[in-house]
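Here's a quick tour of a protein chain, built for someone meeting structures like this early on. Take a look at it first, then we'll go through it topic by topic.

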Amino acid sequence: MALLDQIKSAGVIGAGGAGFPTHAKLTSNADYILMNGAECEPLLRVDQQLMAMYPEEIIRGFEMAGRMVGAKQAIIGIKGKHGDVIQILRDTIDRIGFADYISVGILPDIYPAGDEQVLVYQLTGRVVPEAGIPIMCGCVVMNSETALNVYNASKGLPVTETYVTVAGDIPNRLTLKVPVGTPVLDVLKLSGITDFSEYKVIDGGPMMGPLLADIHGFVVKKNKGYVILRKDHPLIRKKEVTDPQARKINHATCEQCRMCTDMCPRALIGHDTAPHKAMRFMLYGGDDMQGKTIGQLCCQCNLCEYFACPIGLHPKMANMALKDETMKAGVRFQRDENREYKPNKNRDWRLVPSHRLIARIGLTGFDAPAPMSDIRLEPQEVHIMLSQHVGAPAQPIVRAGDRVTVGQMIGRIPEDALGAAVHASIGGEVTEVTDKYIAIRR
(Lines give C-alpha, C1' and ligand atoms only; values in the text may rest on other atoms or scores of the structure.)
Protein backbone atom coordinates (compact mmCIF):
# COMPACT_ATOMS: atom_id res chain seq x y z
CA MET A 1 0.00 0.00 0.00
CA ALA A 2 1.32 3.48 -0.85
CA LEU A 3 2.26 5.63 2.15
CA LEU A 4 -0.50 8.17 1.49
CA ASP A 5 -3.05 5.36 1.50
CA GLN A 6 -1.54 3.98 4.72
CA ILE A 7 -1.86 7.39 6.39
CA LYS A 8 -5.44 7.70 5.16
CA SER A 9 -6.33 4.20 6.31
CA ALA A 10 -4.70 4.80 9.72
CA GLY A 11 -6.92 7.81 10.42
CA VAL A 12 -4.04 10.22 11.03
CA ILE A 13 -5.17 13.78 11.77
CA GLY A 14 -3.55 16.86 13.25
CA ALA A 15 -2.87 15.86 16.85
CA GLY A 16 -4.15 19.10 18.34
CA GLY A 17 -6.04 22.11 17.04
CA ALA A 18 -8.86 21.42 14.59
CA GLY A 19 -7.68 17.94 13.62
CA PHE A 20 -7.24 18.36 9.86
CA PRO A 21 -6.91 14.98 8.06
CA THR A 22 -3.21 14.50 7.37
CA HIS A 23 -3.61 12.53 4.14
CA ALA A 24 -5.37 15.53 2.58
CA LYS A 25 -2.65 17.92 3.70
CA LEU A 26 0.06 15.70 2.21
CA THR A 27 -1.36 15.90 -1.30
CA SER A 28 0.08 19.44 -1.56
CA ASN A 29 3.34 20.50 -3.19
CA ALA A 30 5.50 22.62 -0.89
CA ASP A 31 8.92 24.21 -0.59
CA TYR A 32 9.10 23.62 3.16
CA ILE A 33 7.67 21.16 5.62
CA LEU A 34 7.71 22.46 9.18
CA MET A 35 7.28 20.63 12.45
CA ASN A 36 5.46 22.59 15.11
CA GLY A 37 7.26 21.60 18.29
CA ALA A 38 6.69 24.95 19.99
CA GLU A 39 3.96 23.74 22.34
CA CYS A 40 3.45 27.34 23.38
CA GLU A 41 0.28 26.79 25.43
CA PRO A 42 1.23 27.14 29.11
CA LEU A 43 1.33 23.95 31.22
CA LEU A 44 1.05 21.46 28.32
CA ARG A 45 4.00 19.07 28.09
CA VAL A 46 3.31 16.50 25.35
CA ASP A 47 5.49 17.52 22.40
CA GLN A 48 8.81 18.01 24.21
CA GLN A 49 8.55 14.64 25.91
CA LEU A 50 7.56 12.82 22.73
CA MET A 51 10.52 14.31 20.85
CA ALA A 52 12.85 13.13 23.63
CA MET A 53 11.29 9.65 23.86
CA TYR A 54 10.74 8.88 20.16
CA PRO A 55 13.16 11.10 18.23
CA GLU A 56 13.97 8.61 15.49
CA GLU A 57 10.35 7.63 14.83
CA ILE A 58 9.24 11.28 14.76
CA ILE A 59 12.11 12.36 12.51
CA ARG A 60 11.53 9.46 10.11
CA GLY A 61 7.79 10.20 9.96
CA PHE A 62 8.58 13.87 9.35
CA GLU A 63 11.03 12.99 6.58
CA MET A 64 8.48 10.73 4.91
CA ALA A 65 5.89 13.49 4.97
CA GLY A 66 8.38 15.99 3.61
CA ARG A 67 9.30 13.78 0.66
CA MET A 68 5.61 13.26 -0.10
CA VAL A 69 4.97 16.99 -0.52
CA GLY A 70 8.21 17.52 -2.43
CA ALA A 71 9.62 19.85 0.21
CA LYS A 72 13.18 20.94 -0.44
CA GLN A 73 13.80 21.55 3.24
CA ALA A 74 12.36 20.22 6.48
CA ILE A 75 12.64 22.29 9.67
CA ILE A 76 11.76 21.27 13.22
CA GLY A 77 10.61 24.34 15.15
CA ILE A 78 11.38 24.12 18.87
CA LYS A 79 11.97 26.71 21.57
CA GLY A 80 15.60 27.35 22.47
CA LYS A 81 14.91 26.73 26.15
CA HIS A 82 14.57 22.99 25.43
CA GLY A 83 18.31 22.50 24.99
CA ASP A 84 18.34 18.84 25.96
CA VAL A 85 15.64 17.94 23.43
CA ILE A 86 17.36 19.99 20.73
CA GLN A 87 20.56 18.02 21.27
CA ILE A 88 18.69 14.71 21.10
CA LEU A 89 17.05 15.75 17.83
CA ARG A 90 20.30 16.95 16.25
CA ASP A 91 22.18 13.81 17.30
CA THR A 92 19.40 11.63 15.87
CA ILE A 93 19.26 13.58 12.61
CA ASP A 94 23.02 13.10 12.18
CA ARG A 95 22.94 9.43 13.17
CA ILE A 96 20.26 8.40 10.68
CA GLY A 97 21.74 10.51 7.89
CA PHE A 98 19.11 13.23 7.40
CA ALA A 99 21.31 16.27 8.15
CA ASP A 100 21.23 17.38 4.51
CA TYR A 101 17.45 17.58 4.61
CA ILE A 102 16.22 18.19 8.17
CA SER A 103 17.37 20.98 10.45
CA VAL A 104 16.33 22.29 13.84
CA GLY A 105 14.98 25.84 13.87
CA ILE A 106 15.22 27.64 17.22
CA LEU A 107 12.13 29.56 18.31
CA PRO A 108 11.96 32.29 20.94
CA ASP A 109 10.08 31.49 24.14
CA ILE A 110 7.05 33.59 23.24
CA TYR A 111 3.32 33.18 22.92
CA PRO A 112 1.94 32.17 20.46
CA ALA A 113 5.03 30.66 18.84
CA GLY A 114 2.88 27.66 17.96
CA ASP A 115 0.37 29.62 15.88
CA GLU A 116 1.13 28.11 12.49
CA GLN A 117 1.33 31.47 10.74
CA VAL A 118 3.73 32.84 13.37
CA LEU A 119 5.72 29.60 13.09
CA VAL A 120 5.97 29.93 9.30
CA TYR A 121 7.30 33.47 9.62
CA GLN A 122 9.78 32.61 12.39
CA LEU A 123 11.23 29.63 10.51
CA THR A 124 11.12 30.78 6.87
CA GLY A 125 10.58 34.55 6.84
CA ARG A 126 7.49 34.02 4.66
CA VAL A 127 4.08 35.45 5.53
CA VAL A 128 0.95 33.37 5.06
CA PRO A 129 -1.65 35.53 3.24
CA GLU A 130 -4.56 36.92 5.23
CA ALA A 131 -7.37 34.40 5.76
CA GLY A 132 -5.01 31.87 4.19
CA ILE A 133 -3.20 28.66 5.09
CA PRO A 134 0.54 27.85 5.04
CA ILE A 135 0.50 26.06 1.68
CA MET A 136 -0.31 29.43 0.08
CA CYS A 137 3.28 30.45 0.77
CA GLY A 138 4.78 27.06 0.05
CA CYS A 139 4.70 25.51 3.53
CA VAL A 140 3.11 22.45 5.14
CA VAL A 141 2.95 22.28 8.93
CA MET A 142 2.47 19.31 11.27
CA ASN A 143 3.25 18.70 14.93
CA SER A 144 5.46 16.07 16.53
CA GLU A 145 2.68 13.64 17.50
CA THR A 146 1.32 13.76 13.96
CA ALA A 147 4.80 12.94 12.61
CA LEU A 148 4.93 10.01 15.04
CA ASN A 149 1.55 8.82 13.78
CA VAL A 150 2.75 9.09 10.17
CA TYR A 151 5.67 6.81 11.06
CA ASN A 152 3.33 4.37 12.83
CA ALA A 153 1.00 4.39 9.81
CA SER A 154 3.94 3.37 7.60
CA LYS A 155 4.21 0.28 9.85
CA GLY A 156 0.51 -0.47 9.50
CA LEU A 157 -0.49 0.94 12.90
CA PRO A 158 -3.67 3.09 13.02
CA VAL A 159 -4.31 5.90 15.50
CA THR A 160 -5.91 4.30 18.55
CA GLU A 161 -4.21 6.35 21.30
CA THR A 162 -3.31 9.95 22.00
CA TYR A 163 -1.04 11.72 24.47
CA VAL A 164 -2.45 14.23 26.98
CA THR A 165 -1.14 16.35 29.83
CA VAL A 166 -3.16 16.74 33.02
CA ALA A 167 -2.13 19.97 34.74
CA GLY A 168 -3.31 22.90 36.85
CA ASP A 169 -4.18 23.32 40.52
CA ILE A 170 -3.85 19.62 41.29
CA PRO A 171 -1.72 17.25 43.39
CA ASN A 172 -0.50 15.09 40.49
CA ARG A 173 0.66 16.64 37.21
CA LEU A 174 1.39 14.09 34.53
CA THR A 175 1.42 13.25 30.84
CA LEU A 176 0.25 9.88 29.57
CA LYS A 177 -0.90 7.84 26.60
CA VAL A 178 -4.67 7.35 26.54
CA PRO A 179 -6.86 5.07 24.39
CA VAL A 180 -9.10 7.12 22.09
CA GLY A 181 -12.65 7.03 23.45
CA THR A 182 -11.64 6.77 27.11
CA PRO A 183 -14.05 8.54 29.51
CA VAL A 184 -12.54 11.95 30.24
CA LEU A 185 -13.34 11.54 33.93
CA ASP A 186 -11.02 8.50 34.10
CA VAL A 187 -8.19 10.75 32.92
CA LEU A 188 -9.09 13.66 35.20
CA LYS A 189 -9.10 11.48 38.31
CA LEU A 190 -5.41 10.73 37.77
CA SER A 191 -4.87 14.32 38.94
CA GLY A 192 -5.53 13.20 42.51
CA ILE A 193 -8.89 14.97 42.61
CA THR A 194 -12.03 12.86 42.82
CA ASP A 195 -14.66 15.51 43.59
CA PHE A 196 -14.81 18.11 40.81
CA SER A 197 -17.70 20.12 42.23
CA GLU A 198 -15.37 23.02 43.08
CA TYR A 199 -13.31 22.83 39.89
CA LYS A 200 -13.59 23.65 36.22
CA VAL A 201 -11.66 21.93 33.43
CA ILE A 202 -10.14 23.64 30.39
CA ASP A 203 -10.16 21.38 27.33
CA GLY A 204 -6.70 22.01 25.92
CA GLY A 205 -4.32 24.85 26.77
CA PRO A 206 -5.29 27.67 29.14
CA MET A 207 -5.15 30.33 26.44
CA MET A 208 -7.18 28.85 23.59
CA GLY A 209 -8.90 25.93 25.27
CA PRO A 210 -12.61 26.28 26.08
CA LEU A 211 -14.15 25.21 29.34
CA LEU A 212 -15.15 21.58 29.20
CA ALA A 213 -18.94 21.62 29.11
CA ASP A 214 -19.26 18.05 30.35
CA ILE A 215 -16.53 16.13 32.20
CA HIS A 216 -18.43 12.95 31.34
CA GLY A 217 -17.37 13.11 27.70
CA PHE A 218 -14.77 10.99 25.90
CA VAL A 219 -11.20 11.51 24.68
CA VAL A 220 -10.71 12.18 20.96
CA LYS A 221 -7.57 11.99 18.80
CA LYS A 222 -6.89 15.73 18.88
CA ASN A 223 -7.00 16.14 22.68
CA LYS A 224 -3.67 17.39 24.05
CA GLY A 225 -4.41 18.19 27.67
CA TYR A 226 -6.75 19.14 30.47
CA VAL A 227 -6.07 22.05 32.81
CA ILE A 228 -7.94 21.79 36.11
CA LEU A 229 -8.48 24.99 38.12
CA ARG A 230 -10.73 26.06 40.97
CA LYS A 231 -14.00 27.70 39.98
CA ASP A 232 -12.96 31.05 41.44
CA HIS A 233 -9.68 31.27 39.51
CA PRO A 234 -9.61 34.53 37.47
CA LEU A 235 -8.92 32.63 34.23
CA ILE A 236 -12.01 30.48 34.75
CA ARG A 237 -14.12 33.56 35.41
CA LYS A 238 -12.77 35.11 32.23
CA LYS A 239 -13.69 32.05 30.19
CA GLU A 240 -17.20 32.00 31.68
CA VAL A 241 -18.06 35.43 30.26
CA THR A 242 -20.90 35.07 27.77
CA ASP A 243 -21.22 36.90 24.46
CA PRO A 244 -24.00 39.25 25.74
CA GLN A 245 -21.92 40.07 28.82
CA ALA A 246 -18.85 40.78 26.67
CA ARG A 247 -20.87 43.08 24.40
CA LYS A 248 -22.12 45.07 27.38
CA ILE A 249 -18.69 45.35 29.00
CA ASN A 250 -16.95 46.28 25.75
CA HIS A 251 -19.59 48.86 24.82
CA ALA A 252 -19.39 50.57 28.18
CA THR A 253 -15.65 50.65 28.72
CA CYS A 254 -13.42 50.49 25.60
CA GLU A 255 -11.50 53.74 25.08
CA GLN A 256 -9.81 52.71 21.80
CA CYS A 257 -6.25 52.59 23.13
CA ARG A 258 -5.50 49.97 20.40
CA MET A 259 -3.12 47.93 22.58
CA CYS A 260 -5.00 44.82 21.41
CA THR A 261 -4.02 45.53 17.80
CA ASP A 262 -0.49 46.69 18.58
CA MET A 263 0.28 43.31 20.21
CA CYS A 264 -1.79 41.06 17.93
CA PRO A 265 0.50 38.27 16.57
CA ARG A 266 -1.17 38.31 13.15
CA ALA A 267 -1.06 42.12 12.90
CA LEU A 268 2.65 41.99 13.76
CA ILE A 269 3.40 39.81 10.71
CA GLY A 270 1.63 42.32 8.47
CA HIS A 271 -2.03 41.30 8.42
CA ASP A 272 -4.79 43.90 8.61
CA THR A 273 -6.49 42.24 11.56
CA ALA A 274 -7.42 44.97 14.03
CA PRO A 275 -9.19 43.99 17.26
CA HIS A 276 -9.60 47.63 18.27
CA LYS A 277 -11.67 48.18 15.10
CA ALA A 278 -13.80 45.17 16.01
CA MET A 279 -14.39 46.85 19.35
CA ARG A 280 -15.31 50.05 17.51
CA PHE A 281 -17.94 48.22 15.48
CA MET A 282 -19.31 46.88 18.72
CA LEU A 283 -19.35 50.38 20.19
CA TYR A 284 -20.93 52.22 17.29
CA GLY A 285 -22.34 49.59 14.93
CA GLY A 286 -22.44 50.34 11.22
CA ASP A 287 -23.44 48.74 7.93
CA ASP A 288 -19.95 48.19 6.49
CA MET A 289 -20.16 44.41 6.18
CA GLN A 290 -16.91 44.14 4.24
CA GLY A 291 -15.18 46.18 6.93
CA LYS A 292 -16.52 43.81 9.54
CA THR A 293 -14.83 40.87 7.83
CA ILE A 294 -11.65 41.76 9.78
CA GLY A 295 -13.16 39.47 12.42
CA GLN A 296 -12.44 36.56 10.09
CA LEU A 297 -8.69 37.22 10.38
CA CYS A 298 -8.55 36.46 14.12
CA CYS A 299 -6.57 33.35 15.13
CA GLN A 300 -8.34 33.28 18.53
CA CYS A 301 -5.09 33.12 20.49
CA ASN A 302 -6.70 35.28 23.23
CA LEU A 303 -3.54 37.35 23.69
CA CYS A 304 -5.57 40.53 23.27
CA GLU A 305 -8.03 39.51 26.01
CA TYR A 306 -5.75 37.84 28.52
CA PHE A 307 -2.64 40.01 28.17
CA ALA A 308 -2.76 43.09 25.94
CA CYS A 309 -5.92 44.89 27.09
CA PRO A 310 -4.95 47.01 30.12
CA ILE A 311 -8.44 46.75 31.63
CA GLY A 312 -9.34 43.19 30.74
CA LEU A 313 -11.94 43.73 28.03
CA HIS A 314 -12.94 41.21 25.35
CA PRO A 315 -11.57 42.16 21.91
CA LYS A 316 -11.32 38.54 20.77
CA MET A 317 -15.01 38.06 21.49
CA ALA A 318 -15.69 41.23 19.49
CA ASN A 319 -13.81 39.63 16.59
CA MET A 320 -15.86 36.47 16.97
CA ALA A 321 -19.09 38.47 16.95
CA LEU A 322 -18.07 40.12 13.66
CA LYS A 323 -17.00 36.79 12.20
CA ASP A 324 -20.34 35.23 13.11
CA GLU A 325 -22.29 38.16 11.69
CA THR A 326 -20.43 38.27 8.38
CA MET A 327 -20.34 34.49 7.87
CA LYS A 328 -24.09 34.27 8.45
CA ALA A 329 -24.55 37.05 5.89
CA GLY A 330 -22.36 35.17 3.40
CA VAL A 331 -19.77 37.96 3.27
CA ARG A 332 -16.16 36.79 3.05
CA PHE A 333 -12.94 38.71 3.61
CA GLN A 334 -11.56 39.87 0.25
CA ARG A 335 -7.84 39.30 0.10
CA ASP A 336 -5.61 41.41 -2.15
CA GLU A 337 -3.75 38.70 -4.05
CA ASN A 338 -1.03 41.16 -5.12
CA ARG A 339 -0.36 42.53 -1.68
CA GLU A 340 3.17 42.35 -0.27
CA TYR A 341 3.07 41.72 3.47
CA LYS A 342 5.48 43.72 5.59
CA PRO A 343 5.87 42.67 9.24
CA ASN A 344 5.67 45.49 11.77
CA LYS A 345 9.09 47.09 12.29
CA ASN A 346 8.51 46.99 16.06
CA ARG A 347 7.54 43.31 16.13
CA ASP A 348 10.62 42.08 18.00
CA TRP A 349 9.85 44.45 20.88
CA ARG A 350 6.18 43.48 21.12
CA LEU A 351 6.57 39.72 21.45
CA VAL A 352 5.18 38.33 24.71
CA PRO A 353 7.55 36.14 26.78
CA SER A 354 5.87 32.98 28.03
CA HIS A 355 6.79 33.57 31.68
CA ARG A 356 5.13 37.01 31.64
CA LEU A 357 2.00 35.57 30.09
CA ILE A 358 1.88 32.74 32.63
CA ALA A 359 2.17 35.26 35.45
CA ARG A 360 -0.54 37.49 33.96
CA ILE A 361 -3.09 34.67 33.75
CA GLY A 362 -2.31 33.47 37.26
CA LEU A 363 -0.62 30.16 36.50
CA THR A 364 2.94 30.69 37.76
CA GLY A 365 2.35 28.45 40.78
CA PHE A 366 1.20 25.62 38.53
CA ASP A 367 3.92 25.92 35.86
CA ALA A 368 5.67 22.69 36.83
CA PRO A 369 6.78 19.49 35.07
CA ALA A 370 4.13 16.95 34.10
CA PRO A 371 6.35 13.90 33.52
CA MET A 372 5.38 11.08 31.20
CA SER A 373 3.68 8.38 33.26
CA ASP A 374 3.68 4.64 32.65
CA ILE A 375 0.11 4.43 33.97
CA ARG A 376 -1.93 2.47 31.46
CA LEU A 377 -5.62 3.25 31.44
CA GLU A 378 -7.75 0.27 30.49
CA PRO A 379 -11.33 1.56 30.25
CA GLN A 380 -14.09 -1.04 30.31
CA GLU A 381 -16.00 0.91 27.67
CA VAL A 382 -14.99 3.48 25.08
CA HIS A 383 -17.03 5.78 22.91
CA ILE A 384 -15.28 6.40 19.58
CA MET A 385 -16.60 9.68 18.19
CA LEU A 386 -17.34 9.65 14.47
CA SER A 387 -16.41 13.33 14.12
CA GLN A 388 -13.00 13.95 15.69
CA HIS A 389 -11.64 15.93 12.79
CA VAL A 390 -12.28 18.57 10.15
CA GLY A 391 -14.69 17.30 7.52
CA ALA A 392 -17.51 14.77 7.34
CA PRO A 393 -18.10 12.29 10.18
CA ALA A 394 -16.85 8.77 9.63
CA GLN A 395 -19.43 6.23 8.47
CA PRO A 396 -19.85 3.22 10.79
CA ILE A 397 -18.94 -0.14 9.23
CA VAL A 398 -19.82 -2.21 12.30
CA ARG A 399 -23.11 -3.00 14.05
CA ALA A 400 -24.14 -3.60 17.64
CA GLY A 401 -23.17 -7.12 18.61
CA ASP A 402 -20.07 -7.27 16.39
CA ARG A 403 -16.77 -8.32 17.96
CA VAL A 404 -13.80 -6.04 17.19
CA THR A 405 -10.07 -6.08 17.89
CA VAL A 406 -7.71 -3.23 18.73
CA GLY A 407 -6.84 -1.29 15.58
CA GLN A 408 -9.75 -2.58 13.53
CA MET A 409 -11.35 0.08 11.35
CA ILE A 410 -14.90 0.72 12.59
CA GLY A 411 -15.70 3.92 10.67
CA ARG A 412 -14.58 4.90 7.17
CA ILE A 413 -14.37 8.16 5.26
CA PRO A 414 -17.54 8.90 3.26
CA GLU A 415 -16.97 8.62 -0.48
CA ASP A 416 -15.69 11.83 -2.12
CA ALA A 417 -15.57 13.64 1.23
CA LEU A 418 -12.90 15.12 3.46
CA GLY A 419 -12.69 13.07 6.63
CA ALA A 420 -10.78 10.51 8.67
CA ALA A 421 -11.27 6.86 9.52
CA VAL A 422 -11.72 5.73 13.12
CA HIS A 423 -10.56 2.50 14.75
CA ALA A 424 -11.30 0.41 17.81
CA SER A 425 -9.01 1.37 20.70
CA ILE A 426 -9.92 -1.71 22.76
CA GLY A 427 -10.98 -5.22 21.84
CA GLY A 428 -14.50 -6.28 22.70
CA GLU A 429 -18.14 -6.07 21.66
CA VAL A 430 -19.79 -3.17 19.88
CA THR A 431 -22.66 -2.25 22.20
CA GLU A 432 -24.10 0.78 20.42
CA VAL A 433 -23.82 2.57 17.07
CA THR A 434 -25.30 6.06 16.72
CA ASP A 435 -24.81 8.97 14.33
CA LYS A 436 -22.31 10.42 16.81
CA TYR A 437 -20.28 7.53 18.23
CA ILE A 438 -19.57 3.80 18.37
CA ALA A 439 -19.49 2.27 21.84
CA ILE A 440 -17.29 -0.76 22.54
CA ARG A 441 -17.26 -2.76 25.78
CA ARG A 442 -14.11 -4.67 26.67
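Let's start with one residue: Thr22 touches Ile7, Val12, Ile13, Gly14, Met142, Thr146 and Val150, leaving aside residues up to four places away in sequence. Keep in mind that what you're looking at is a predicted model. From Thr22 we'll step back to the whole chain, then zoom in again on strands and a few backbone spots.

**Thr22 and its surroundings**
- Thr22 sits in helix H2, which covers residues 22-25.
- Is Thr22 buried or exposed? Its relative accessible area is 4%, and buried means under 20%, so Thr22 counts as buried.

**The whole chain**
- The protein chain contains 17 helices and 17 strands.
- Why does a radius of gyration of 22 Å fit a compact globule? The chain has 442 residues, and a compact globule with that many would come out near 22 Å, so the two values agree.
- Along its principal axes, the C-alpha trace spans about 60 × 55 × 45 Å.
- Buried residues make up 56% of the 442 in the chain.
- Take the contacts between residues at least 6 apart in sequence: 72% of them join residues at least 24 apart.

**Surface and charge**
- About 18900 Å² of the protein chain is exposed, and carbon and sulfur atoms supply 48% of that area.
- How many charged side chains are there? You'll find 50 positive and 49 negative ones, and the centres of the two sets lie 3 Å apart.

**An open sheet of four strands**
- Which strands make up the open sheet, and in what order? There are 4 strands, in the order E11-E17-E16-E13, and their pairing is antiparallel.
- Strands E11 (381-385) and E13 (403-404) stand at the edges with a single partner strand each, so one side of each has no neighbour in the sheet.
- Strand E16 (residues 428-433) pairs with strand E17 (residues 437-441) over 4 bridges, in the antiparallel sense.
- If you want to find that pairing on screen, look for Glu432, whose bridge partner in E17 is Ala439.

**Strands E12, E14 and E15**
- Strand E12 (residues 395-396) runs antiparallel to strand E14 (residues 409-412), and 2 bridges join them.
- Pro396 stands opposite Gly411 in E14.
- E14 also pairs with strand E15 (residues 422-423), again antiparallel and over 2 bridges.
- For this pairing, check Met409: its bridge partner in E15 is His423.

**Backbone spots to look at**
- Tyr111 and Pro112 are joined by a cis peptide bond, with omega at about 0 degrees.
- Where is Pro112? It lies in the loop between strand E4 (110-111) and helix H6 (116-124).
- Gln300 has a phi near 60 degrees, which is a positive value in a residue other than glycine.
- You'll find Gln300 in the loop between helix H14 (289-292) and helix H15 (303-308).
- Asn302 has a positive phi too, about 70 degrees, although it isn't a glycine.
- Asn302 is also placed in the loop between H14 and H15.
- How do these two loop residues fare for cover? Gln300 is partly exposed at 30% relative accessibility, whereas Asn302 is buried, with a relative accessible area of 4%.

Terms used: Residues numbered from 1 in each chain as written. Predicted model: local features only at pLDDT ≥ 70, side-chain atom pairs only at ≥ 80, totals over all residues. Heavy atoms only, no water. Rg over C-alpha atoms; globule rule 2.2 N^0.38 Å. Buried < 20%, exposed > 50% of the residue type's maximum accessible area, 1.4 Å probe, protein only. Contact = heavy atoms within 4.5 Å. Areas by Shrake-Rupley, 256 points an atom, 1.4 Å probe, with all protein chains shown as cover. Lys, Arg positive; Asp, Glu negative; His and termini not counted. Charge placed at Lys NZ, Arg CZ, Asp CG, Glu CD. Pairing = 2+ DSSP bridges.
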